[in-house]
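Trainee: Please give me a close look at a single part of this model, namely its strands, how they pair and what they contribute to the interior.

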Amino acid sequence: MPPEPLAAAGHDAGPPQTPASTQPRTAQVPALPTEASLKLPAPGNVNFSRYASLDALGDGEAKQRLRQLEDNLQVAKKELEQATATLEGTRRLFEKGFVTKTDLQRDEIAHENSRLKVQTAETARALYLKYEFPRTAEETLSKYLDAIRDLDKTRRQALARLAQAEARLRSAQAQYEVQRRQLEDLQGQLRKCIIRAQRPGLVVYGSGREEFFRGEEAIREGATVRERQTIITIPDMTRMAVNVRIHETYIQKVRRGQKARITVDAFPDKVLTGEVSRVAVLPDSQNRWLNPEMKVYKTTVTIEGVHDWLKPGMSAKVEILVDRLEDVLCVPVQAVVPTGKGHVCYVLKGRKAEERPVQLGQFNDEFIEIRSGLREGDLVLLRPPARPLPPPDVTPTEESEAPASGAQTARQAAPHD
């Protein structure tokens, strides 16, 4: 049973009392805009094209630039209209022979120049609205956000330096209180050295196997203890359990609620009953360092009833009843030989040993169930024949053969400590 913590009374901690004349006063800092308070969107999430108009823009560089592009476009269009009218008149005069072909070509060139000026003005306006204006607006917004962040960072740094100065002042004022209370704390620790049990029972030292492997000193007078170390416990003697380690080959058969027989080494004539209450999911990590090749799982078997003679730390043998087989055919486990095609048994037929493939069932440390391949009364060898068999009139010894027995109950017990 895990130890229960012992509550210890202490002094209530609080800020030191400081005279009113020396109390630090916090400077009043005016509220400044921050990125969170302004709720400005990220530059990449803003559609700047809806602001690219003279009506939406305020007085500034962008509005002047857009007005200049609009004026250039209007002037180019007016010049194109004038060049178009001049070209049409020149064409009529040329058809009547009043002007030369050179005059007509000159007006055509002037008309083409005007048309190109209109295209250039339209292209410049479109490029400004599509690329230059969003880029300039995004850069301006980013610069504004950076300035807000720098302002907020500077403000926070100033507040942090102010808080540090106030903390140093409070720390200096608290030194006197710390020195004065040390004596009270030491006197309180002396009073708390008396530990009172919360209930009657058997006191057990807290140092166990885990502390031993960590190199901790055993609990004794004058020993050094660490914080939160278990010193003593008072186990509940009305609820006892046995901690066993089950090998990985048997752990699949062990489940909660299975009954068990328990024999204490100090009292071998007394058999106790119990029940599996807990099966570990992972193998024992402590056993990994001692024997990494063997995987065992911690299992707790609760002992039924109250026994005054049972003490914590006693060694015990546990047999867990995982299954009960009625009226089955079984042979000693040594009689079953594994082969590449399965398991076989060697049955004595006169002077010859006949190999019989068998189908296996449940097993324990002594016997294994034979579901098919043998009949009751067959003589099976306990090991494969390595020398000529004796003549028929010689009775086989117990060491070399054993009859298969039927109608026998095979008990399976898991490994125990």
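Mentor: Two strands are said to pair if DSSP finds at least two bridges between them; strands (E, at least two residues) are DSSP runs numbered from the N terminus. The model is predicted, with local features requiring pLDDT of at least 70 and side-chain atom pairs pLDDT 80 or more, whereas totals for chains, interfaces and linings use all residues. Residues are numbered from 1 along each chain, and side-chain values use heavy atoms, without hydrogens or water.

I begin with the open sheet. Its 5 strands run in the order β3-β6-β5-β4-β7, and the pairing is antiparallel. The edges are formed by β3 and β7, each of which pairs on one side only. Inside this order, β5 and β6 are joined in the antiparallel sense over 5 bridges. Arg278 finds its bridge partner in β6, namely Thr300.

These strands also supply the interior. The largest nonpolar core (buried Ala, Val, Leu, Ile, Met, Phe, Trp, Tyr and Cys joined through side-chain atoms within 4.5 Å; buried is under 20% relative accessible area with a 1.4 Å probe, protein chains only) has 21 residues, and Ile262, Val301, Val318 and Ile320 have the most contacts inside it. At least two residues of this core come from each of β3 (241-247), β4 (259-264), β5 (267-279), β6 (296-303) and β7 (316-320). Val301 shows how these strands meet. Leaving aside residues up to four places away in sequence, Val301 is in contact (heavy atoms within 4.5 Å) with Ala241, Val242, Val244, Ala260, Ile262, Gly274, Glu275, Val276, Ser277, Val318 and Ile320. A second, separate core has 12 residues, among them Leu329, Ala335, Val380 and Leu382.

Further along the sequence, β12 (residues 367-372) pairs with two strands. With β8 (residues 328-332), β12 pairs in the antiparallel sense over 3 bridges; here Cys330 is bridged to Glu369 of β12. With β11 (residues 352-363), β12 is again antiparallel, over 3 bridges, and Phe363 has Ile368 of β12 as its bridge partner. A hairpin is formed by β11 and β12, with 3 residues between the two strands.

One loop residue completes the picture. Pro235 lies in the loop between β2 (232-233) and β3. With a relative accessible area of 13%, Pro235 is buried. Its C-alpha is 8.3 Å from the C-alpha of Pro312, although 77 residues separate Pro235 and Pro312 in sequence.

Technical notes:
Helices (H or I, at least four residues) and strands (E, at least two) are DSSP runs, numbered from the N terminus. Buried means under 20% relative accessible area, exposed over 50%, partly exposed in between (1.4 Å probe, protein chains only).
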